[in-house]
Amino acid sequence: MRESAWERAQRTPVTWVVVIAYLTMAFVTFADTDRAKEWKAAGLMVPYLVSDGQPWRLISHAFLHGGLLHLGFNTIVMIWIGPALEMALGSLRFVVLYVVSAVGGAIAVALWNSPLQPVLGGSGALFGMMGAAVALHLRSSRHMLAAFDQRGPRTLLMLIGINLLFGLLVPGISNSAHIGGLIAGTCLVLVFFAFGQWESQRSTKLAFAVAGLGLLVHTLLPVTRWDWLQNRAANSNDPVMAAELGQAAQRSAIADGELGELLRATGRPQPVQGDGKRRGG
Amino acid sequence: MRANVRRLGLGLLWVIGLWPLLLLLLFYSLGPMATLQLQIALESWGGQLGLILLVIGGIGLLVYPPFPAGVRLLVSRTLSRMNTDREPLLRAQSDLRNFESAARHLEAGRAAVISGSPEIAFPHRVRSLELEPNQPAAMHKLGEALLELGQAKAAIGPLSRTVELAPDQGFGSAMLLLGRAYMRADQLQNAAEVLARHAREHGGSRKSLCWRGQCLRRSGDEAGAREVFTEAATPPVEGSKLTAEEGWYRACARVALWGRGGES
């Protein structure tokens, strides 16, 4: 007897939970109400807020979308690639892959974007899944390069390439999240989800784990980033320490080229150039 | 070379992972300004160092022959490893579960080396010899495995026995490896004799000429060394192209003629 859609869905529950989460959060946040805006704001990936004690944003942003087109595209990719990947990896590993890819994308945003720049969308996690699918093909072929004789991996690579190009050309798309998610998902499968003949050495796994954790620590506690230093200065009870932190924040902002952002964030007037134009932004 | 590249990669990952923790530690011990100044200074130095390395790399690619030849060899070996079918190794190991024989162990060892896993090959070769001692092919491969694992002195025994029983084993490969083993074990006179015999009986590949030249130079025979290096450094015949490995040894010979080592 032919398997029903429900029976097929039962074998890949996580994929459909994620799709339902996408649609639910879209329903909640697309409305033009104050509550919807609050919910959306509470889930956005903003590096400044993540380092200010709101780490859930590393994952929550992966379930929010900016509009119907954004939601539609990501949902289609999830439905296309999710079930096959979940069946190949198993539901638990699939959850780990989604979370790690989403966090990887968020870490890349924290490293490369302005700390005040909000980012949302499941694209980072989806890029991680596409990278994971390519990695699985590399591992399951008779030899690594044989994977590219097959249409599936070639299509995936083409899709990844086109989307990265799209991200470069179209403003408002965070390519850093895409790249971070892609690297995280691919490395996870190649290094940690490889067994038998493909299993990585313990030293390799340890090195990758240390690198990932280190970057996560840097995202949560960016002790040399101007926004974190400025926040600490504002909340410090010790005037001497507050002054030192403030100076460090200003120095860091100058070094990063984000002095204008710092001044905007602190509500201070921006320095004026000789020609009357404002600097920094 | 591959092991060094891997070590470099893993080292970089450790630096990426430990750097934020180090900054955190410095923040709470030295204070924010000192930590920030260190970060900015290292970023600046890192940028300048990167630029310098880029320039050196560019110059090296143009004027230091082993550099482009080494890159070509590394790429060739990596692509070869990625192109190598692991199915013969798995099949050979699976066959061994049903019935153990010297030939099957030898086959498993051969498949392991081709797959880029010499450490898997070694126990198979040892077992092959246990089952069938005095087998030139097995002793040759055992010696090769020992040499690849850096055990030059241990490799001399099986390789010299191989040459004794079958001088033409591996089309002269066993004899060449014996010469190399003697070199690595600093037995230069023996190395020179074996490599000279290899040149007489099997002709001179660029690899064997390069090794022979290094051996002669280390023994103090500079004139002999230069003659051999000159032969190894000859450009390829018009219309033909050297393999990545031949290119590497030709580059080493060219540098050796400059009198700047060129050890390979």
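# Aromatic pairs in a predicted model

Visitor: Phe27(B): buried or exposed?
Guide: Phe27(B) is buried in this predicted model. Its relative accessible area is 8%, and buried means under 20%.

Visitor: How many aromatic pairs are there over all chains?
Guide: The count is six over all chains. One of them joins Phe27(B) to Tyr28(B), edge-to-face, at 5.1 Å centre to centre with 85° between the planes.

Visitor: And Tyr28(B), buried or exposed?
Guide: Exposed: Tyr28(B) has a relative accessible area of 56%, and the cut-off for exposed is over 50%.

Visitor: Why is the pair of Trp211(B) and Tyr249(B) edge-to-face?
Guide: Because the planes of Trp211(B) and Tyr249(B) stand at 90°, and over 60 degrees counts as edge-to-face. The ring centres of Trp211(B) and Tyr249(B) are 6.1 Å apart.

Visitor: Which parts does that pair tie together?
Guide: Trp211(B) belongs to helix H11 (residues 206-219) of chain B and Tyr249(B) to helix H13 (residues 244-257) of chain B, so the pair connects parts 38 residues apart in sequence.

Visitor: Are those two rings on buried or exposed residues?
Guide: Trp211(B) is buried at 5% relative accessible area. Tyr249(B) is buried as well, at 8%.

Visitor: Switching to chain A. Which residues do ring pairs link into a cluster?
Guide: Tyr22(A), Phe63(A) and Tyr98(A) are linked that way.

Visitor: What sits over the ring of Phe193(A)?
Guide: The charged end of Arg93(A), 5.8 Å from the centre of the Phe193(A) ring.

How values were computed
Residues are numbered from 1 along each chain as its sequence is written. Chains are lettered from A and ligands numbered from 1 in the order in which they are written. This is a predicted model: local features need pLDDT of at least 70, side-chain atom pairs count only at pLDDT 80 or more; totals for chains, interfaces and linings use all residues. Side-chain values use heavy atoms; hydrogens and water are left out. Rings of Phe, Tyr and Trp (its six-membered ring) pair if their centres lie within 6.5 Å; planes under 30 degrees apart count as stacked, over 60 as edge-to-face and the rest as tilted. Buried means under 20% relative accessible area, exposed over 50%, partly exposed in between (1.4 Å probe, protein chains only). Helices (H or I, at least four residues) and strands (E, at least two) are DSSP runs, numbered from the N terminus. A charge sits over a ring if NZ of Lys or CZ of Arg is within 6 Å of the ring centre and within 35 degrees of the ring normal.
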